[in-house]
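Student: I am new to this structure and would like a close look at one part of it. Could you pick a strand and walk me through what surrounds it?

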Amino acid sequence: MFAVGDDWQSIFRFAGSDIHLMRHFGGEFGGAFDGEAGIHRTVDLGRTFRSVDQIAFAARTFVLKNPAQLQKQIVPAGIATEPAIRIVMTPRDEGPRKLTEVLTILSAQSNAGEKPVTVLLLGRYRFVEPDMRALKRQFPRLQLSFKTIHASKGLQADHVVLLNADSGSTGFPSEIVDDPLLTLVSPEEEMFENAEERRVMYVAMTRARFTLTLLASNARPSAFVTELSKDPVYGVIAAPGADQEAHECGECGGRLVCVNGKDDRVWYRCEHVQHCGNLLPACLSCGAALPRLAPGSPEVRCSCGACYPECPECSDGWLVERKGPYGQFMGCVRYPACTGKSRPASTKQRSRNLSNRVSRRGTS
């Protein structure tokens, strides 16, 4: 018997595919001779004729985070001369605009008269498919197509753009929990967290010949995107204009991300929005940057030069002038989540002066 398979691309457990058969193929189907069972030989097909080194090696490292995956050496199809994997963070409701920017760059790099550049748009689910008819009219020099990752097995393109690499129940990795009845007839589940979803990501990455671009929510990036961006071993870069200064959430230790509010103002909220309600407005002076506590100083300073008094109650907030039923006071910008406050010096002084006048009147 001769069989060919790739446990790194086993992504159909929901349809009955059992990865354990491949991992223990020799024991299941091997021959018997001279009292020995499970006799077999394994030959690695490690050469890829598709992806350049940066994509091939990053994908290998990513899938092998699961120690249960079979070890294989990879020989890439070529050497990349420029960064091949990029992450583009998208503010809320700006995914279509960011996708257009990515396709504009790819179209500008294509040469008229030459073979059309192929671009494959991938989604974890079909509902993320953009208006392909409009995109094809807008970018005639690109050969555009859309597939779900599961439907893309065996396909390839010069450039791959992964859409909606976000967290959430219908994000990527998917957080949808299987129906308990389905587990009764499904193959044994793996212990490694998101084992199959990690292989789905591997399939997405290895559809690309030259470049892979991941579009991820600025507020709710996928755990996979966070892993790829934080670990330098993957060699991933942020797309031009996408770099943002990282701010740590003082409430939970997460990352504060920039979002556009319904009031058209810029806000910074914790990436763990489902669990942490930390929300901060941008600097009142510049309206864009986030003031932070200056080391060794009681002031919270913004990169634009504005300074604010530190909130005495929380680690992220600062005091701004507010007006209440008893007059003006200095309150935390995180109100009502934080009730830290301090009366302005002028108000305190007026209170002391009034107290002194009352004392002198009582004495006389």
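Tutor: Happily; here is a walk along one strand, followed by a few links elsewhere in the chain. Please keep in mind that this is a predicted model.

Let us start at the end of strand S7, which covers residues 208-217 and includes Ser 217. With a relative accessible area of 11%, Ser 217 falls under the 20% limit, so it counts as buried. A polar atom of the Ser 217 side chain lies 2.9 Å from the backbone nitrogen of Arg 220. If we set aside the neighbours within four places in sequence, Ser 217 is in contact with Met 89, Thr 90, Ala 165 and Asp 166.

Now look at Leu 214. Leaving out neighbours within four places in sequence, Leu 214 touches a list of residues that includes Ile 85, Val 88, Leu 162, Met 201, Val 225 and Leu 228. Leu 214 is also among the residues with the most contacts inside the largest nonpolar core, together with Met 201, Met 205 and Leu 228. That core has 39 residues. Strand S7 supplies at least two of the core residues, and so does each of several other elements, including strand S3 (85-90), strand S6 (157-162), helix H7 (195-205) and helix H8 (223-230). A second, separate core has 19 residues, among them Cys 258 and Trp 318.

From helix H8 we can step to the loop between H8 and strand S8 (237-238), where Asp 231 is found. The side chain of Asp 231 meets that of Lys 65 in a salt bridge, at 3.8 Å from N to O. Lys 65 sits in the loop between H3 and S3, and the two partners are 166 residues apart, so the pair links distant parts of the chain. Both are partly exposed: Asp 231 has a relative accessible area of 25%, and Lys 65 one of 37%.

The loop between H3 and S3 also holds Lys 72, whose side chain forms a salt bridge with Asp 6 (3.5 Å, N to O). Asp 6 belongs to the segment before helix H1 (19-23), 66 residues away from Lys 72. Here Lys 72 is buried, at 13% relative accessible area, whereas Asp 6 is partly exposed, at 22%. Why might such pairs form? Side chains of opposite charge can pair when their charged atoms come close. The structure holds 16 salt bridges.

Definitions and conventions. Residues are numbered from 1 along each chain as its sequence is written. This is a predicted model: local features need pLDDT of at least 70, side-chain atom pairs count only at pLDDT 80 or more; totals for chains, interfaces and linings use all residues. Side-chain values use heavy atoms; hydrogens and water are left out. Helices (H or I, at least four residues) and strands (E, at least two) are DSSP runs, numbered from the N terminus. Buried means under 20% relative accessible area, exposed over 50%, partly exposed in between (1.4 Å probe, protein chains only). A polar contact is a pair of N or O atoms within 3.5 Å; within protein, one must be able to donate a hydrogen and the other to accept it, and residues adjacent in sequence count only if both atoms are side-chain atoms. Contact means heavy atoms within 4.5 Å. A nonpolar core is a set of buried Ala, Val, Leu, Ile, Met, Phe, Trp, Tyr and Cys residues joined through side-chain atoms within 4.5 Å. A salt bridge is a side-chain nitrogen of Lys or Arg within 4 Å of a carboxyl oxygen of Asp or Glu.
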